Amino acid sequence: MRVLLLGATGFIGRFVADRLLADPAVHLTALGRRDDSDVRFDLANGSPGALTRFLDAVHPGVVINCAGATRGGARELTRHNTVAVATVCEALRRSRCGARMVQVGCASEYGPSQPGSSTAEDALPRPGGPYGVSKLAATELVLGSGLDAIVLRVFSPVGPGTPAGSPLGRLAEAMRRAMQSGDPELKLGGLGVQRDFVDVRDVARAVHAASLSAAQGVVNIGTGRAVRLRDAASLLARVAGYTGALHELDGPPPRPVIGAQRADSPGDHVPPVTAQPYPDGCGAWQQADVRTARDRLGWRPRINLEESLADIWMEAACRI
C-alpha cells in the first residue's frame with residue numbers, strides 16, 4: 001500500500017511515520033515544508049494543480065494529513081489548518097489516484113462541554129477559539145468533499161515529544177528546574193481543567209487503523225476518561241521523584257511564568273509557575289466518547305497516563 005503522509009515531522013506525524021514504517025506492507029512517502037521530507041511542498045501556499053500532478057505520479061492509495069498549526073493568529077491558523085486542507089481535497093478530487101484520505105482533527109472542534117459528560121461524534125461543534133474554528137472548517141471541507149475520507153478527532157495527545165510549551169510540557173520543565181535548584185515547594189496555578197489525555201503512540205495506531213479501514217465520517221480518539229490537570233501534576237511528581245510540596249494557587253498569576261528562571265539572589269522572590277493558558281478553547285472539562293473508534297476501527301488505547309508522563313519527564317530531565 002502506497003501512503004502519502006503530510007506533516008511527518010510534527011508531534012503526531014513523527015509517530016504516525018514510525019508506525020507506518022514498521023508495517024512491511026506500506027510504502028511511505030513524506031511530503032512537507034522541511035528539507036528532511038521526501039518531497040518539499042507547502043500546503044498552505046502551493047496550488048492544487050501542482051499537488052495533483054504529484055499525486056498522479058506517486059499514485060498513493062491513502063493520503064494522511066497530520067499537518068497544521070496549533071499556534072498563531074486567526075489568519076495563520078486558517079492558512080495552515082483550513083486552506084491547506086482545501087488544497088489537499090481539491091487535489092485529490094482532480095487526481096486519478098482515487099486515494100482514501102485520513103484527516104487528523106482535534107477535540108478543540110467541539111469546544112466546551114458539560115462537566116461529567118462524554119462527547120460523542122454527533123455533538124454539535126461549538127469551538128471556543130480560532131484554532132478550533134480553523135480545524136472544524138477543515139473537517140467540514142473533508143466531509144463535504146465527496147472523497148473516501150475519515151476525520152479522527154484527537155483529544156489531548158501526550159507522551160514522548162510533547163511540546164515544551166504545552167501544559168504538561170511546562171509542568172515537567174518547572175519540576176525539573178525545582179529539583180535542579182532544590183526548591184522544597186512548587187507553586188502551581190491553573191490546574192482545575194480536566195482533559196482526556198491520550199498517548200501519541202496510541203493516536204498513531206488509530207491513524208494506521210483508519211488508513212486500513214473502510215470507516216468514514218468523524219471518529220473520536222481518546223481514552224474516555226477525563227483527568228484533572230492537578231492530578232496529572234501529582235502523578236508527574238511521583239514519576240519524577242519530586243518530594244517537595246505541590247501548592248495549588250487559588251487563581252492564576254497575572255502572567256504565565258511556568259519554567260521561569262530561578263532568582264539569582266537568595267532573597268529574591270521566586271514567582272509561582274502556572275499551567276495556564278490551556279489555549280484549546282474547551283473550557284473546564286472535556287472527555288471523549290470512544291465507542292465509535294472501538295466499533296468501527298477496532299481500536300482501544302493501550303498506554304496509560306503514567307507511562308506517558310514518564311516519557312515526558314525523561315525528556316525534560318535530559319534537557320540541559
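This note goes through the nonpolar cores, a pair of strands and one helix of a predicted model.

1. The largest nonpolar core has 33 residues, and among these I12, V16, I64, L152, I221 and L297 touch the most other members. As general background, nonpolar side chains in soluble globular proteins tend to be buried together.

2. I64 is a useful place to begin looking at the model, since its contacts can be followed one by one. Leaving aside residues up to four places away in sequence, I64 touches V3, L4, L5, L6, V16, L20, V102, V207 and S211. Separate from the core described above is a second one, made up of 30 residues, which includes L55, V85, A99 and V142.

3. Strand β11, which covers residues 217-221, has four of its five residues buried, and it is therefore largely enclosed by the rest of the structure. Its partner β6, residues 149-154, pairs with β11 in the parallel sense over five bridges, and within this pairing R153 of β6 stands opposite N220 in β11.

4. Helix α3 runs over residues 74-94, and its 21 residues reach 29 Å from the first C-alpha to the last, which is close to the 30 Å expected at 1.5 Å a residue. The helix nevertheless bends by about 25° at H80, and H80 is itself one of the buried residues of α3.

5. The other buried residues of α3 include L77, N81, T82, A84, V85, T87, V88, C89, A91 and L92. The elements that cover the buried residues of this helix include the strands β1 (2-6), β4 (62-65) and β5 (100-106), together with the helices α2 (48-58) and α4 (130-143).

How values were computed
Residues are numbered from 1 along each chain as its sequence is written. This is a predicted model: local features need pLDDT of at least 70, side-chain atom pairs count only at pLDDT 80 or more; totals for chains, interfaces and linings use all residues. Side-chain values use heavy atoms; hydrogens and water are left out. A nonpolar core is a set of buried Ala, Val, Leu, Ile, Met, Phe, Trp, Tyr and Cys residues joined through side-chain atoms within 4.5 Å. Buried means under 20% relative accessible area, exposed over 50%, partly exposed in between (1.4 Å probe, protein chains only). Contact means heavy atoms within 4.5 Å. Helices (H or I, at least four residues) and strands (E, at least two) are DSSP runs, numbered from the N terminus. Two strands pair if DSSP finds at least two bridges between them. The expected span of a helix is 1.5 Å times one less than its number of residues. The bend at a residue is the angle between axes fitted to the seven residues ending there and the seven starting there.
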